[in-house]
Protein chains: 2
Amino acid sequence: MKRYLLAPGPTQVSPEVLLAMAQPILHHRAPEFVTLLDRVKKDLQWIYQTQNDVLILVSSGTGGMEGSVSNFFSPGDKVLTVNGGKFGERWTKLCTAYGVNAEEIKVEWGHAVNPSQIQAALEKDPTIKGVFTTASETSTGVAHPIREIGEIVKGYPNCLMIVDAVSALGVFDIRTDEWGIDIMVTGSQKALALPPGLAFVSVSNKAWGQADKAKNAKFYFNFKKERDALSKNQTAFTSAVSLVVGLDQSLKMMKEEGLQNVFARCGKLALATREAMKGLGLNLFPKNCPSDSVTAIEAPEGYDGQQIYKDLRVKYGITAAGGQDQLKGKVFRIANMGYIDTFDVIIAVSAIEMVLKGMGHPLKLGTGVGIAQEILLKK
Amino acid sequence: MKRYLLAPGPTQVSPEVLLAMAQPILHHRAPEFVTLLDRVKKDLQWIYQTQNDVLILVSSGTGGMEGSVSNFFSPGDKVLTVNGGKFGERWTKLCTAYGVNAEEIKVEWGHAVNPSQIQAALEKDPTIKGVFTTASETSTGVAHPIREIGEIVKGYPNCLMIVDAVSALGVFDIRTDEWGIDIMVTGSQKALALPPGLAFVSVSNKAWGQADKAKNAKFYFNFKKERDALSKNQTAFTSAVSLVVGLDQSLKMMKEEGLQNVFARCGKLALATREAMKGLGLNLFPKNCPSDSVTAIEAPEGYDGQQIYKDLRVKYGITAAGGQDQLKGKVFRIANMGYIDTFDVIIAVSAIEMVLKGMGHPLKLGTGVGIAQEILLKK
């Protein structure tokens, strides 16, 4: 069966990137790789919209998140975490693992955080040293208001703004420098349309200032060591050279498209997906602020979301995602990021229609597809 | 210029593996990947010669080394480290970073450790909880006597035997279970002939027993979490799926060749390289126990080792390695591991002859090649 990868990570990798990575291996200290890293680090600053260092780590996104805790905070430090899903929760767990005292702002799944809660918490306790947020909460399909939170944190010179943008960077607008984001993590296998294996972290000067005081143990994720290596176009440890070669190709393609065009494309595909689902009478899981990265759709009443996810795969070769934890069986999810275009939406929407029809749903085939087409036709 | 990768990691990757990795991306929770992980984890046990769990981590080898410290030891624990080069030194640095009290057995670079020193240290202080060793010290080209050290550590039920086998596993015989190795780390980019990006760690039951008492912070390199995931043919965090697909192919090829045949091949190639160098009047850097993984050759008196390394690359397209730290300019290094065969040795030896000739050395061209051929002709 022909296969289609429409999961919220790993996402599809273009033939151009696959073939670039299939070339003979470069040595990580060879001049060719040094030249490539010099280009890649600048292109990463471009997609991050930053002048800050963007470190390149060999790990999943979680490794980058771990370093964002261990390099800047000490046991006993007080921080805020925004927990409105699996990945917000991960910040809390990471802080706890490192003895950092995380005060959680619990947000009901499916909702975005209200920035005024962060404002209030910071006003109440000016010793808070960091605010950990999630730009796109992959588990719920919600985008949190990073810009507004950034504006608030800017007012606290001893407090860092940390963003998990693993499934957000390169999908919609996130302005690292303008919005005052001190530390932002992403991974290779989402909008960057690479295989998993690399994490990236931008670090502001404000954050580097805190790093000198941080007392947690670290060695592999030692950001200062990575910064010093990167200044010489190297990495502290052996880089995943083939993935970096792929990154170079992927960023080249995104630069050719243009950042605003990438955002517009993903936004349009996401909108078409959402409207098609609504046109079919399905509910989106997000109650506000849906993320353009991933569309989380509630299974219609009486239908099992896990079955929809399984039928998509087994009957039609489409790898989407089910729900995690409390959402298992209640939602299924479709990605709108990375190496993806018009007909990925058409495939997804038509397959969802066919799966539901097969499960006995009374929908009229083509309804969602037609709505998606209307939107996709617009400039 | 045609390029030849003969560095001690990353090593060459076969076309079969490159093409396997160039296939469309699998999702890390998809049934196809689960089946693949089940096969790969058994094949890893095969190459490790173990019944122990072999964890699969997304990191360079150093990440696997870090987890081998943080998961099994606590601040204040006393351990022994064998430091006879850059990688032995890394164990000490890692222990120090995690507050573990490392007593170093300093070994002169170019020499293997004398196991009786370890015996004496353990007898003197029975509170020592671990012995950290390096199977093949890539910086010096020396193989330490892991089997003999393992026999000693077996006598201490509260002491773990930890081996960095990053450039050793899959090159020469290391019997995890038979030799009593509790924790052994390797990486993808050496004998496994994959791009960098994966680390592997075997963990014995004796080591799991210690893990429950270990108090160091960890999250990304949480070995118990990885063990639990692996029992369900999963990984705790998003795996580097394309590299794991390559691993599956690489292990398949090694199994077809047979483990003893792989060892014999690498051993013969290494012997041919060493004898060719000696026949040219060059000295090997190891004074005893040369590793079959990498041959470290002293630059002849009056010749700069860095210049030899550079000329190999610039004049002949060959990426070898120079010397690290105190050996910079004094040695150059050629790999004998991974996807490598007869004519890789011929290329290396003939290029070294041509580079030295070009630098004014009075050698007779073809001398080393002839000696290598004699050995390579033998069954």
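**Reading helix pairs, a sheet and a two-chain contact**

Tutor: Helix H5 and helix H6 of chain B run roughly parallel to each other. The model in which they appear is a predicted one.

Student: How is such a pair of helices described, and at what angle do the axes of H5(B) and H6(B) cross?

Tutor: In general, two packed helices are described by the angle between their axes and by the distance between those axes. Here, the axes of H5 (residues 115-124) and H6 (residues 146-153) of chain B cross at roughly 20 degrees and come within 9 Å. Angles under 35 degrees count as roughly parallel, and H5(B) and H6(B) are therefore classed in that way. The crossing of H5(B) past H6(B) is right-handed.

Student: Which residues of H5(B) and H6(B) make the contact?

Tutor: H5(B) contributes B:Pro115, B:Ile118, B:Gln119 and B:Leu122, while H6(B) contributes B:Glu148, B:Ile149 and B:Ile152. By class, the residues of this contact are five nonpolar, one polar and one charged.

Student: Are H10(A) and H13(A) roughly parallel or roughly antiparallel?

Tutor: The axes of helix H10 (residues 259-279) and helix H13 (residues 367-377) of chain A come within 8 Å and cross at roughly 150 degrees. H10(A) is therefore roughly antiparallel to H13(A). This crossing, too, is right-handed. Among the residues in the contact are A:Leu271, A:Ala272 and A:Met277 of H10(A), together with A:Val369, A:Ile371 and A:Ile375 of H13(A). The residues of the contact divide into nine nonpolar, four polar and two charged.

Student: Let us turn to the sheet. In what order do the seven strands of chain A stand?

Tutor: The strands of a sheet pair through backbone hydrogen bonds, either parallel or antiparallel. In chain A, the order is S2-S10-S9-S8-S5-S3-S4, in an open sheet with mixed pairing. Strands S2 (53-58) and S4 (101-106) of chain A are at the edges; each has a single partner strand, so one side of each lacks a neighbour in the sheet. On average, neighbouring strands are turned by 20 degrees against each other, direction ignored.

Student: Which helix packs on S2, S9 and S10 of chain A?

Tutor: Helix H2 (residues 31-48) of chain A touches these strands, and its direction makes about 110 degrees with that of S2(A). Helix H4 (residues 86-97) of chain A lies across S3, S4, S5 and S8 of chain A, at about 155 degrees to S3(A). As for pairing within the sheet, S8 (residues 160-164) and S9 (residues 183-187) of chain A run parallel and are joined by three bridges. A:Val163 has A:Met184 in S9(A) as its bridge partner.

Student: What relates chain B to chain A?

Tutor: Two copies of a chain are related by a rotation about an axis and a shift along it. Here, a turn of 180 degrees with a shift of 0.0 Å along the axis lays chain B on chain A with an RMSD of 0.0 Å. The two copies are thus related as by a two-fold rotation axis. In chain B, the C-alpha nearest this axis belongs to B:Ser59, at 2.5 Å.

Student: How many residues does each chain bring to the contact?

Tutor: Chain A and chain B bring 43 residues each. On the side of chain B that touches chain A, helices H1 (15-21), H3 (61-70), H4 (86-97) and H9 (241-257) of chain B each supply at least two residues. That side holds 24 nonpolar, 16 polar and three charged residues. Of the interface residues of chain B, 100% are also interface residues in chain A, so the copies meet through the same surface.

Notes. Residues are numbered from 1 along each chain as its sequence is written. Chains are lettered from A and ligands numbered from 1 in the order in which they are written. This is a predicted model: local features need pLDDT of at least 70, side-chain atom pairs count only at pLDDT 80 or more; totals for chains, interfaces and linings use all residues. Two strands pair if DSSP finds at least two bridges between them. Helices (H or I, at least four residues) and strands (E, at least two) are DSSP runs, numbered from the N terminus. Axes are lines fitted to C-alpha atoms, for helices over the stretch in contact, and angles run from 0 to 180 degrees between N-to-C directions. Two residues are in contact if their C-beta atoms, placed from the backbone, lie within 7 Å. Copies are superposed by least squares on the C-alpha atoms of residues with pLDDT of at least 70 in both. Ala, Val, Leu, Ile, Met, Phe, Trp, Tyr, Cys and Pro count as nonpolar, Asp, Glu, Lys and Arg as charged, and the others, Gly among them, as polar. Angles under 35 degrees count as roughly parallel, over 145 as roughly antiparallel, 65 to 115 as roughly perpendicular and the rest as oblique. A crossing is left-handed if the near helix is turned anticlockwise from the far one by less than a right angle, and right-handed if clockwise.
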